[in-house]
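I opened my notebook to go through this model piece by piece. Here is what I looked up, in the order I looked.

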Amino acid sequence: MLGFLYLAFRSNSTSSVYLIDYTCYRPPDHQRAPVPNFTEHIERTEGFSRENRDFQQKVLHRSGIGDEAYMPISVHELPPNTSFDPSQQEVEQVVFQVVKDLFSKHRINPKGIDILISNCSIFCPTPSITSMIINRFGLRSNVKSISLSGMGCSMIEELFKVHKNSLALVLSMEAVTPNGYRGRTKSMLVANTIFRMGGAAILLSNKKQDKWRANYELQHLVRTHMGADEQSYCSVVQKMDEEDVVGVSLSKSLLQVAARALKINVSELGPLVLPYSEQLKYCWLVTCQKIFGKGRAKREAAVVVPRFKRAFKHFCIHAGGRAIIDGVEKNLKLENEDGEASRMTLYRFGNTSSSSVWYELSYLEAKGKVKKGDRIWQISFGSGFKCNSAVWKSLANVDPERKNAWSDRIHMYPVQMPDFS
């Protein structure tokens, strides 16, 4: 998640975190899973009842995912192979390629990496994902390596307080292969349809001398954890169903939980980024709410949202699904165009979990929309339940001709989204 990117480097209140560059994985075309093929695959997979097949097809139809999204080779098979070996092969395919691309692009000596962090919740092998990278690329023996599964940011914060002038490689992905669910519980069938193959490698530095080659500087990060609330905690859970089949359950309350987490997150982020005029307006409404209780002022305060477009030029909303993107836009009172990068990422790449916000930033760059001084707001969600906001400032005009995951097809986007009614 976005949280560890900032916490890992916050050595003091005045230190800077520079995003030198990042790479998003684009699988080969033969691993695409067009909607008709995906539908046929569901039909031909044994173990699903007619009701469950129809349910998955309905979710897929409404998901906002198009024909370009990718699946691991193992998931193309019949029956899908969700065992350990193909899971590891998927992770290696993604992380080895994005790291290789990033190192080659900047001619980085792997031994120059001081810190290595990976983030993957479902697949946690031994040796770890960071050990796989160290072995493959020959990182030095004293590299600080941490493999995260969900939570773990607090110990990273302490670790990086004492490691200044460091260069870090962060890997963000989720494994699709072990997510496959062959049971009958509908809340656990949803994950079969929305998650797709992808990942990102991010190169960060807290060295002052790296500012000249960095594309972005991190200005703020706000992390909200709703784990103390039982409904939030249970909204995304990996578990066994009544027939002892393991899967990831996405509850019906997920959108409500995400909205609550976003509201708390925004209330903390707002004072850090909003112009004083917007802050004064918000404070006045809150004051009226406290004074007048359940009266008119409280009702008005409940629906008033600061104009975040006065603080940000671009928005990267977690591509968890069409409803998530729509919900964030509605709660923040954004325009449809503000969610373009998120919708197109969902359409082409599907839900790639924590790496989706990097595909969205890639989209904005490929469209030539990122200019020097622009502020970008990355909004990400995760199980637990968590909401993270990262604010980046562009340090230069980003060349749209620079190769990234969108370069081969950016001229085809945005596409007209189908009717999901």
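The entries below go from the whole chain down to single residues.

**Whole chain**

I'm working with a predicted model, so every value here is computed. I counted elements and got 15 helices and 11 strands in the protein chain. Of its 421 residues, 55% count as buried. I then asked how far along the sequence the contacts reach: among those with a separation of 6 or more, 81% are between residues 24 or more positions apart. The chain exposes about 19100 Å², and carbon and sulfur atoms supply 51% of that area.

**Largest pocket**

I looked up the volume of the largest pocket, and it comes to about 1400 Å³. Its lining takes in 45 residues, and the ones nearest the centre are Ile194, Phe195, Val236, Leu250 and Leu254. Which elements supply at least two residues each to this lining? My list has four helices' worth of entries to write down: H3 (50–62), H8 (186–194), H10 (254–273) and H13 (322–332). On the strand side I noted S7 (236–240), S8 (246–250) and S10 (375–382).

**Ser232**

I went to Ser232 next, which is found in helix H9 (residues 230–233). Buried or exposed? Ser232 counts as buried, because its relative accessibility is 0%. Its side chain makes a polar contact with the side chain of Arg260, at 3.3 Å. Leaving out residues up to four places away in sequence, I find Ser232 touching Met226, Val257, Arg260, Gly384 and Phe385.

**Cysteines**

I checked for disulfides and the count is 0. I also looked at how covered two cysteines are. Cys387 is buried, because its relative accessible area is 0%. Cys234 has a relative accessible area of 36%, so I put it down as partly exposed.

**Helix H15**

I wanted to know how much of H15 (residues 356–366) is covered, and 11 of its 11 residues turn out to be buried. The buried residues include Trp358, Tyr359 and Tyr363. Two glutamates, Glu360 and Glu365, are on that buried list too. Just after H15, I noted that Gly368 takes a positive phi of about 70 degrees.

**Cis peptide bonds**

I found a cis peptide bond joining Leu78 and Pro79, with omega about -5 degrees. Pro79 is in the loop between helix H4 (73–76) and helix H5 (84–106). Another cis bond joins Gly384 and Phe385, where omega is about 5 degrees. Phe385 sits in the loop between S10 and strand S11 (386–394). I had already met both Gly384 and Phe385 in the contact list of Ser232.

**Positive phi outside glycine**

I looked for residues other than glycine with a positive phi and wrote down Arg107, with phi near 50 degrees. Where does Arg107 lie? Its place is in the loop between H5 and strand S2 (115–119). Arg107 counts as exposed, since its relative accessibility is 80%. I also wrote down Lys333, which is not a glycine and has a positive phi of about 55 degrees. Lys333 lies in the loop between H13 and helix H14 (340–349). With a relative accessible area of 52%, Lys333 is exposed too, because the cut-off is over 50%.

**Two loop residues and their distances**

Arg307 is in the loop between helix H12 (296–303) and strand S9 (314–317). Its relative accessible area is 48%, so I logged it as partly exposed. I took the C-alpha separation from Arg307 to Gly270, 37 residues apart along the chain, and got 9.8 Å.

Val176 lies in the loop between strand S4 (167–173) and H8. Why did I log Val176 as buried? Its relative accessibility is 8%, and buried means under 20%. The C-alpha atoms of Val176 and Val91, 85 residues apart along the chain, are separated by 9.1 Å. Beyond residues up to four places away in sequence, Val176 touches Met71, Pro72, Val75, Glu90, Phe195, Arg196 and Met197. I recognised Phe195 from the pocket entry, where it is one of the residues nearest the centre.

How values were computed: Residues are numbered from 1 along each chain as its sequence is written. Side-chain values use heavy atoms; hydrogens and water are left out. Buried means under 20% relative accessible area, exposed over 50%, partly exposed in between (1.4 Å probe, protein chains only). Contact means heavy atoms within 4.5 Å. Accessible areas come from the Shrake-Rupley method with a 1.4 Å probe; for residues, only the protein chains shown count as cover. A polar contact is a pair of N or O atoms within 3.5 Å; within protein, one must be able to donate a hydrogen and the other to accept it, and residues adjacent in sequence count only if both atoms are side-chain atoms. A disulfide is a pair of cysteine sulfur atoms within 2.5 Å. On a 1 Å grid over the protein atoms alone, a cavity is a set of points where a 1.4 Å probe fits but cannot get out, and a pocket is an open set with protein on both sides within 12 Å along at least five of seven lines; lining residues have an atom within 4 Å of a point. Grid points are joined across faces, edges and corners, and a volume is the space filled by probe spheres set on the points.
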